[in-house]
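Biologist: Hi, could you walk me through this one? I'd like to get a feel for it before I head back to the bench.

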Amino acid sequence: MLEEATLSQSLTWCYCTAGYSKKLFELVFETPVDVEILQSIQQGFDYCLMRVTFSKD
């Protein structure tokens, strides 16, 4: 679906994926994590890249 969409600098399309990844990593590591979107297919990159770090809270 994203391959056919118009390219955009907006990361709105990616927030669902980031939320899914956040939940997945929190379940696996049993601790809160933060997910930051670094690049996405929607922005014209070949793949999505996210940084997942343990929350400091």
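Biologist: Let's start with Ser 21: does that residue count as buried or exposed, and why?
Modeller: Happy to help, and please keep in mind that this is a predicted model. Ser 21 counts as buried, because its relative accessibility is 12% and the cut-off for buried is under 20%.

Biologist: Where is Ser 21 found?
Modeller: You'll find Ser 21 in helix H1.

Biologist: And what does Ser 21 touch, leaving out residues up to four places away in sequence?
Modeller: With those set aside, Ser 21 touches Val 35 and Met 50. For Val 35, which is 14 residues from Ser 21 along the chain, the two C-alpha atoms are separated by 7.4 Å.

Biologist: Let me zoom out. What does the secondary structure come to?
Modeller: There is one helix plus two strands, and read along the sequence they follow the pattern α-β-β. The helix, H1, covers residues 15-29, while strand E1 takes residues 33-39 and strand E2 residues 49-54.

Biologist: How many residues does the protein have, and what share count as buried?
Modeller: The protein has 57 residues, and 18% of them count as buried. As for the accessible surface, that comes to about 4,600 Å², with 57% belonging to carbon and sulfur atoms.

Biologist: What about contacts, what share join residues at least 24 apart?
Modeller: Taking contacts between residues at least 6 apart in sequence, 33% join residues at least 24 apart.

Biologist: Now the aromatics. How many aromatic pairs does the structure hold?
Modeller: Two aromatic pairs. In one of them, the ring centres of Phe 25 and Phe 29 are 6.1 Å apart and the planes sit at 10°, so this pair is stacked.

Biologist: Where are Phe 25 and Phe 29 with respect to each other in the helix?
Modeller: They are four residues apart in helix H1, which means about one helical turn separates them.

Biologist: Are those two buried or exposed?
Modeller: Somewhere in between. Phe 25 counts as partly exposed at 30% relative accessibility, and Phe 29 also counts as partly exposed, at 44%.

Biologist: What about Phe 29 and Phe 54, how do their rings pair?
Modeller: That pair is edge-to-face, because the planes are at 80°, with ring centres 5.5 Å apart. Phe 29 lies in helix H1 and Phe 54 in strand E2, so the pair ties together parts that are 25 residues apart in sequence.

Biologist: Which residues form the aromatic cluster, then?
Modeller: Phe 25, Phe 29 and Phe 54 form one cluster.

Biologist: Nice. Which residues make the nonpolar surface patch?
Modeller: The patch is made by Tyr 20, Leu 24, Phe 25, Val 28, Phe 29, Val 52 and Phe 54, and its area is about 690 Å². The elements giving two or more residues to the patch are H1 and E2.

Biologist: And which element gives the most to the patch?
Modeller: H1 does, with five residues.

Biologist: Last topic: Gln 39. Where is its place, and is it buried or exposed?
Modeller: Gln 39 is in strand E1. At 13% relative accessibility, Gln 39 counts as buried, since the cut-off is under 20%.

Biologist: What is Gln 39 in contact with, leaving aside neighbours within four places in sequence?
Modeller: Those contacts are with Phe 45, Tyr 47, Cys 48 and Leu 49.

Biologist: Great, thanks for the tour!

Notes
Residues are numbered from 1 along each chain as its sequence is written. This is a predicted model: local features need pLDDT of at least 70, side-chain atom pairs count only at pLDDT 80 or more; totals for chains, interfaces and linings use all residues. Side-chain values use heavy atoms; hydrogens and water are left out. Rings of Phe, Tyr and Trp (its six-membered ring) pair if their centres lie within 6.5 Å; planes under 30 degrees apart count as stacked, over 60 as edge-to-face and the rest as tilted. Buried means under 20% relative accessible area, exposed over 50%, partly exposed in between (1.4 Å probe, protein chains only). Contact means heavy atoms within 4.5 Å. Accessible areas come from the Shrake-Rupley method with a 1.4 Å probe; for residues, only the protein chains shown count as cover. Patches are made of residues with over 30% relative accessible area and no salt bridge: like charges are joined within 9 Å, nonpolar side chains (Val, Leu, Ile, Met, Phe, Trp, Tyr) within 5 Å. A salt bridge is a side-chain nitrogen of Lys or Arg within 4 Å of a carboxyl oxygen of Asp or Glu.
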